[in-house]
Amino acid sequence: MYGSCQTPDHPHVDLRAAARLMVGLEQERELTEADLPRCTTCGEVLTPLMFAPKPQLDSQQVAGLNKLVRAHADQPLAVLELGVGDQNPLVKKPVESLLRQFSEWNYVVLNQKPGPVPFNLQPRTAVIQGDLKTNLAQLARLMARPSKAR
């Protein structure tokens with residue numbers, strides 16, 4: 001079992017020793033946030049990683065994504081994240097990496113319980129918390145209104 005912080009290039013940490021230590025501490029006293037395992041580089045509390053079988057990538061889809069990224073690298077763009085939990089690094093890490101590379105891109109997170117947004121992406125991030133169906137319906141109504149700005 002491994003854990004990681006929100007920064008992709010920081011090392012993953014084996015949590016087995018920390019888990020054994022926490023079990024021992026729990027028998028002595030109530031655990032506090034100070035007892036949680038932390039990143040050895042930045043000190044952020046680690047999130048357990050959930051590893052899954054390596055996904056099979058479709059080379060045509062990857063080529064299409066690369067083409068899209070190159071075509072819009074210098075343009076304002078909004079990356080919309082719908083209902084992706086903060087325990088899903090298979091989606092979160094690549095998206096956050098792209099957002100770090102392209103300063104013109106913004107991040108919109110719609111989730112029932114959104115997780116933390118990396119500090120360096122916060123100025124370009126809008127977090128909308130609540131029911132996805134309700135929020136998307138409201139967004140659709142807003143987009144359907146005539147606007148002078150369009």
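This passage describes helices, a buried polar cluster, salt bridges and cysteines in a predicted model.

A good place to begin is helix H3, which covers residues 89-101. With 13 residues at 1.5 Å a residue, H3 should span 18 Å, and its end C-alpha atoms are indeed 18 Å apart, so the expected and computed lengths agree. Four residues of this helix, Lys92, Val95, Glu96 and Leu99, are buried. These four cover an arc of only 100° around the axis, and therefore sit on the same side of H3. The exposed residues Leu90 and Gln101 are found on the face turned away from that buried side. As for what the buried residues of H3 meet, they pack against two strands, S4 (77-82) and S5 (105-111).

Helix H4, made up of residues 132-144, can be treated in a similar way. H4 has 13 residues, and the distance from its first C-alpha to its last is 18 Å, close to the 18 Å expected at 1.5 Å a residue. At the start of this helix, Asp131 places a side-chain oxygen within 3.3 Å of the backbone nitrogen of Lys133.

Returning to the strands that meet H3, Glu81 in S4 makes a helpful reference point. The relative accessible area of Glu81 is 5%, so this residue counts as buried. Its side chain makes polar contacts with two others: with the side chain of Lys92 at 2.7 Å, and with the side chain of Tyr107 at 2.4 Å. Residues up to four places away in sequence aside, Glu81 touches Lys92, Tyr107, Val108, Val109 and Leu110.

Tyr107, the partner of Glu81 in the 2.4 Å polar contact, belongs to strand S5. Tyr107 is likewise buried, because its relative accessible area is 2%. Once neighbours within four places in sequence are left aside, the contacts of Tyr107 include Lys92, Val95, Glu96 and Leu99, the very residues listed above as buried in H3. Val79 and Glu81 are also in contact with Tyr107, as are Arg124, Thr125 and Ala126. For the pair Tyr107 and Val95, twelve residues apart in sequence, the C-alpha atoms are 9.1 Å apart in space.

Beside Glu81, the S4 residue Leu80 has a relative accessibility of 45%, and therefore counts as partly exposed. Leu80 is in contact with Val108 and Leu110, again leaving aside neighbours within four places in sequence. The C-alpha atoms of Leu80 and Asn106 are separated by 8.6 Å, although these residues are 26 residues apart along the chain.

Charged pairs come next. Side chains of opposite charge can pair when their charged atoms come close. The structure holds three salt bridges. One of them joins Lys92 and Glu81, with a distance of 2.7 Å from N to O. This pair links distant parts of the chain, since Lys92 is in helix H3 and Glu81 is in strand S4, eleven residues apart. Both Lys92 and Glu81 are buried.

Another salt bridge brings together the side chains of Asp14 and Arg16, at 2.4 Å from N to O. Asp14 has a relative accessibility of 31% and so counts as partly exposed; Arg16, at 46%, also counts as partly exposed. Glu33 and Arg38 form a salt bridge as well, with 4.0 Å between the closest N and O atoms. Here Glu33 is exposed, with a relative accessible area of 55%, while Arg38, at 34% relative accessibility, counts as partly exposed.

Finally, the cysteines deserve a look. A search of the whole structure finds zero disulfides. Cys5 is in no disulfide, and the nearest cysteine sulfur, belonging to Cys39, is 3.7 Å away. For Cys42, the closest cysteine sulfur is also that of Cys39, and the distance of 3.8 Å is too far for a bond. In terms of accessibility, Cys5 is buried, with a relative accessible area of 2%, whereas Cys42 is partly exposed, with a relative accessible area of 41%.

Definitions and conventions
Residues are numbered from 1 along each chain as its sequence is written. This is a predicted model: local features need pLDDT of at least 70, side-chain atom pairs count only at pLDDT 80 or more; totals for chains, interfaces and linings use all residues. Side-chain values use heavy atoms; hydrogens and water are left out. The expected span of a helix is 1.5 Å times one less than its number of residues. Buried means under 20% relative accessible area, exposed over 50%, partly exposed in between (1.4 Å probe, protein chains only). The arc is that of the directions from the helix axis to the C-beta atoms. Contact means heavy atoms within 4.5 Å. A disulfide is a pair of cysteine sulfur atoms within 2.5 Å. A polar contact is a pair of N or O atoms within 3.5 Å; within protein, one must be able to donate a hydrogen and the other to accept it, and residues adjacent in sequence count only if both atoms are side-chain atoms.
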